[in-house]
Amino acid sequence: MKPTRRQIVASFTGLTAAAVVGARPEGAQAQAAQDLTTDEAREIGREVFLWGMHPVALYHLRYNFAQNEQSPLNYGINRLNWNRTPLKALPRIATTPNATTLYGNAMLDLSKEPVVITTPDIRDHYWSLQFYDNYARWWHMIGSQFNAPGQVRRLLIGPNWSGEFPDGFVGEEIVQSASDFAGILGRVALTDDTQEELAVVNSIQDGFTVMSLSDWIAAGRTDVRPDDVPETKADYPTYPGMETIVEPARLAGVDFLRWVGLVLADPTFTLQEDGHQEILALERFARLGLKPGMTFDPETLTPEIIAAISDGIEQGRADALAVAETGTGVMRNGWDFTSDLDYKDTNWRQRAYYGLIAVLAPVPSRSHIGTFCMTDSNGDRLTGAHRYTLTFDLQDMPPVTEFWEIPLYDNEGYFVDNPIDRYSLNSYMLERGKLQTEGGKLVIYIQTEEPEDPLQRQNWLPAPEGDFQFTARFYGPYSSLIDGRYNMPGIVRVE
């Protein structure tokens, strides 16, 4: 079998992956750390942050979904877990979610065997299963925009798996991942906020199957309800106390290095085979004791070097957040139109930015796009100290084949707790007459306090007292949304 990329990278640092799994750092690492200057440590720390922020966020996500026994979200690996009700402000699970679809999540390990996916025949609801890897790359998707109508099956295999395929799968149903780690983000749309609609969507969710090939064969090669799939516990690298980390975007200093060390110590987080930029960077990371297959030990670093690395990490964070100042796509009326068409995962600064504020962004434009907005029409930061309006012409609504949604988040990308549990407005509400319109206009009222006018209250989007932001979603976007030509109205401050 050909050597893996992880083994190749390990050989650059003088150790094979097989020899160092679980090993503690010894003389060579300590010597490398001693040879570091504070300036070098600071620059490497900055680079570590930019490279590692998004993979760290995904490692944290998998830890809570598949491994952390204290997490209510823990569902094991190779098993699909659906939210049975819409997400709310609490608990804080991930940044910039939506409230119009019920989410499903699965953390897959393809290192030992393939995984089987089957879906029901869904004809009257938007749905999708989208697959991502440890670099936040979306590598496959199925759903109502791509395959429907009809049932869909997939056999997912890892990059190094070899064996006999089970009978019955045709070519297009066999899909290979570039990484042994794969995540699934599932969605089924709620077209209304009634209990009847919720029951319909829950029944759709029960028709999906995600399980390992051996379990599927043992079950008689039949569809299995997600909750009935046998639970398999995950066993990936950890360190004591990591269960206390709630928001990975807040990690700093040695704590951030520990999580990068976990990413590199986990062989299922498959490194890029042809990533020249990454191979050279990992050689520099090794000087901090961050090596593929090796346990990170901060005790080999002096207090001065740790302080310099911590400074570099904060410089990296500032560099990533500065992306918001110039935008990631086409700017229009304060809205930053983004798509994956010009995104490169070798742009670590932009990748880290998404890891900080919108984990797993940008999504493929074939599915939907997001438009970020943090300022009003005058370019001032959005804040709950003021009241705003967002006004649409009913003859010029966002052009989509599926639906649009406008969620509001706090400064860190989480839903805002409010007395009416409203976190977004969407096109389904408009279609069902649940949003008030007048004179050919739809006016959305964005403010902290509840409007006194009942008609305004109908279109009220509650804001926090502090800074806030938007990531509007357009599912099934037409070209004018993808390239930013659509004249998305600006957010106007009224007081």
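## A walk through the inside of the model

Let us start at one residue, D297, which is found in the loop between helix 8 (276-285) and helix 9 (303-321). Keep in mind as you look around that this is a predicted model. Is D297 buried or exposed? Its relative accessible area is 8%, and because buried means under 20%, D297 counts as buried. What does its side chain reach? It reaches the backbone nitrogen of E299, at 3.0 Å.

Now let us turn from atoms to empty space. Rolling a probe the size of a water molecule over the atoms shows where empty space is left. In this model, the count comes to three cavities of 30 Å³ or more. The largest cavity holds about 490 Å³ of space. It is lined by 37 residues, and those closest to its centre are T95, T96, P97, Y103 and V359.

Which parts of the chain build that lining? Helix 4 (38-66) supplies at least two residues, and so does each of four strands: strand 2 (101-109), strand 8 (181-189), strand 12 (368-373) and strand 19 (468-477). Strand 12 gives the most to the lining of the largest cavity, with four residues. You can also sort the lining by chemical character: 23 of its residues are nonpolar, 10 are polar and four are charged.

The second largest cavity has a volume of about 100 Å³. Its lining is made of 13 residues, and A57, A94, P248, V359 and Y414 lie nearest its centre. You may recognise V359, which is also listed among the residues closest to the centre of the largest cavity. Helix 4 turns up here too: helix 4 and helix 11 (348-357) each supply at least two residues of the lining of the second largest cavity. Helix 4 provides the largest share, three residues. As for chemical character, nine of the lining residues are nonpolar, three are polar and one is charged.

Next, look at the rings. How many aromatic pairs does a search of the whole structure find? The search finds 28. Take Y63 and W259 as an example: their ring centres are 6.3 Å apart and their planes stand at 85 degrees, so this pair is edge-to-face. The pair links distant parts of the chain, with Y63 in helix 4 and W259 in helix 7 (residues 253-265), 196 residues apart. Both Y63 and W259 are buried.

A second example is the pair of W127 and F208. Here the ring centres are 5.6 Å apart and the planes are at 70 degrees, so this pair is edge-to-face as well. W127 lies in strand 4 (residues 127-132), while F208 is in the loop between helix 5 (195-205) and strand 9 (209-212), so the pair ties together parts that are 81 residues apart in sequence. W127 and F208 are both buried.

Ring pairs can also join up into a cluster. One cluster links Y59, Y63, Y132, W138, F181, Y239, W259 and F269, so you meet Y63 and W259 once more.

Finally, look for charges that sit over rings. R258 lies over the face of Y239, at 5.4 Å from the ring centre, and Y239 is one of the residues in the cluster. In addition, the charged end of R62 sits over the ring of Y236, 3.6 Å from its centre.

How values were computed. Residues are numbered from 1 along each chain as its sequence is written. This is a predicted model: local features need pLDDT of at least 70, side-chain atom pairs count only at pLDDT 80 or more; totals for chains, interfaces and linings use all residues. Side-chain values use heavy atoms; hydrogens and water are left out. Buried means under 20% relative accessible area, exposed over 50%, partly exposed in between (1.4 Å probe, protein chains only). A polar contact is a pair of N or O atoms within 3.5 Å; within protein, one must be able to donate a hydrogen and the other to accept it, and residues adjacent in sequence count only if both atoms are side-chain atoms. On a 1 Å grid over the protein atoms alone, a cavity is a set of points where a 1.4 Å probe fits but cannot get out, and a pocket is an open set with protein on both sides within 12 Å along at least five of seven lines; lining residues have an atom within 4 Å of a point. Grid points are joined across faces, edges and corners, and a volume is the space filled by probe spheres set on the points. Ala, Val, Leu, Ile, Met, Phe, Trp, Tyr, Cys and Pro count as nonpolar, Asp, Glu, Lys and Arg as charged, and the others, Gly among them, as polar. Rings of Phe, Tyr and Trp (its six-membered ring) pair if their centres lie within 6.5 Å; planes under 30 degrees apart count as stacked, over 60 as edge-to-face and the rest as tilted. A charge sits over a ring if NZ of Lys or CZ of Arg is within 6 Å of the ring centre and within 35 degrees of the ring normal.
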